[in-house]
Amino acid sequence: MTTDVNITDHEDNQLPRFDRVQRSFHWVMAAIILLAIVIGFYCWLQTPGTPSRRALLEVHKSLGMSALVLLAFRVAYRLAVGAPGYARPLGRLTHIAAEAAHLVLYVLMLFMPLTGYMFSGAGGYSLRGSVCFNGLGCYPEMTL
Ligand code: HEM
Ligand code: HEM
């Protein structure tokens, strides 16, 4: 008698997965970015110039710059280690769509903080208040 090879829940740990480091990068960065988006939109609703808006924007900028720094390490690690294969092969188009979606997410993860950093600098706003780490130095001023 033959047995079908079925992928069931208890065999889940046999499935190809991103490793622990990649999963940590993913969830830590997802939390940071989602929080930055919520705070960014909240600030957008506030009257410009109020002390609470300024303070929240400092938090927003710190989160965004942290995401930018983490992204460099994440991309380097991803390029070194690669990604796991799919449990079941995807159709060609689906595979291309999945790869493209991941690429778009990486591009967004780069451009959101980078444009925030550039426009903030262009508007004459400094990063000094929020993102100088004691003893470790500050981000450079970016003026266009
Ligand atoms: C700011 C939010 C997020 C960003 C920027 C993001 C980005 C990404 C990226 C780039 C990948 C490709 C894997 C890699 O190279 O690391 C990925 C995979 C994945 N993400 Fe997210 N993610 C976010 C939030 C979420 C959330 C909220 C969920 C679930 C509720 C989720 C579920 C997944 C899953 C299941 C995969 C694996 C997909 C696969 O293997 O094809 N992500 N994500
Ligand atoms: C993960 C990275 C980031 C995301 C997802 C993000 C997202 C957002 C969102 C959704 C808003 C509200 C919409 C708007 O006002 O247009 C916003 C506003 C803002 N962001 Fe970001 N941001 C990021 C990084 C940064 C960085 C790194 C800086 C500066 C260094 C920055 C500076 C600002 C400023 C100054 C505003 C207020 C604009 C205004 O209302 O006048 N952001 N951001």
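# Three helices and two ligands: a walk through a predicted model

Averaged over the chain, the pLDDT of this predicted model is 85, and 80% of the residues score at least 70. The stretch to treat with caution is residues 1–10, where the pLDDT is below 50 and where, beyond near neighbours in sequence, the model has 1 contact. Among the helices and strands, confidence is highest in H1, at 98, and lowest in strand S1, residues 132–133, where the mean is 60.

Let me begin with the overall layout. The chain has 3 helices and 2 strands, and along the sequence these follow the pattern α-α-α-β-β. Of the 144 residues in the chain, 8% are buried. If we take the contacts between residues at least 6 apart in sequence, 68% of them join residues that are at least 24 apart.

There is also a record to set beside the model. An unreviewed UniProt entry lists residues 25–45, 57–80 and 100–119 under "transmembrane region". In the model, residues 57–80 are 100% helix and 0% strand, with the end C-alpha atoms 35 Å apart, and residues 100–119 are likewise 100% helix and 0% strand, with 27 Å between the end C-alpha atoms.

I would now like to take the helices in turn, starting with H2. At 1.5 Å a residue its 31 residues should span 45 Å, and because the end C-alpha atoms are 45 Å apart, the expected and modelled spans agree. Which residues of H2 are buried? They are Leu57, His60, Lys61, Leu63, Gly64, Ala67 and Arg74, and what covers the buried residues of H2 includes H1 and H3. As background to that list, an α-helix has 3.6 residues a turn, so residues three or four places apart point the same way.

H3 also has 31 residues, which at 1.5 Å a residue should span 45 Å, and the 44 Å between its end C-alpha atoms agrees with that. H3 is hardly covered, however, with a count of 1 buried residue among its 31. Just after H2, glycine 82 takes a positive phi of about 85°, and just after H3, glycine 124 takes a positive phi of about 85°.

On H1, I have picked out phenylalanine 25, which has its place in that helix. Is this residue buried or partly exposed? Phenylalanine 25 counts as partly exposed, because it has 19 C-beta neighbours inside 10 Å, whereas 20 or more would be needed to call it buried. Not counting residues up to four places away in sequence, phenylalanine 25 touches Leu70, Arg74 and Tyr77; Arg74 is one of the buried residues of H2. Phenylalanine 25 and leucine 71 are 46 residues apart in sequence, yet their C-alpha atoms are 8.4 Å apart in space.

The loop between H2 and H3 holds proline 84, which counts as exposed because it has 12 C-beta neighbours inside 10 Å. Leaving aside its neighbours within four places in sequence, proline 84 is in contact with Pro16, Arg17 and Phe18. For proline 16 the separation along the chain is 68 residues, while the C-alpha atoms of the two prolines are separated by 5.5 Å.

That brings me to the two ligands. Around ligand 1 we find Gln22, His26, Ala30, Ile33, Leu34, Arg78, Ala83, Ala98, His102, Leu105, Tyr106 and Met109. H1 and H3 each supply at least two residues of this shell, and by class the shell has 8 nonpolar, 3 polar and 1 charged residues.

Ligand 2 has 19 residues around it, of which Gly40, Trp44, Gly64, Gly116 and Ser120 come nearest. Which elements give two or more residues to this shell? They are helix H1 (20–45), helix H2 (51–81) and helix H3 (92–122), and H1 contributes the largest share, 7 residues. By class, the shell around ligand 2 has 13 nonpolar, 5 polar and 1 charged residues. Gly64, which comes among the nearest residues to ligand 2, also appears in the list of buried residues in H2.

To draw this together, we have a predicted chain of 3 helices and 2 strands, in which H1, H2 and H3 each give two or more residues to the shell around ligand 2, and in which H1 and H3 each supply at least two residues of the shell around ligand 1.

Methods:
Residues numbered from 1 in each chain as written. Chains lettered and ligands numbered in written order. Predicted model: local features only at pLDDT ≥ 70, side-chain atom pairs only at ≥ 80, totals over all residues. Near = placed C-beta within 6 Å. Helix = DSSP H or I, 4+ residues; strand = E, 2+ residues; numbered from the N terminus. Nonpolar A, V, L, I, M, F, W, Y, C, P; charged D, E, K, R; others polar. UniProt positions renumbered as here; feature names shortened; annotations may be inferred. Contact = placed C-beta atoms within 7 Å. pLDDT = per-residue confidence, 0-100. Expected span 1.5 Å × (residues − 1).
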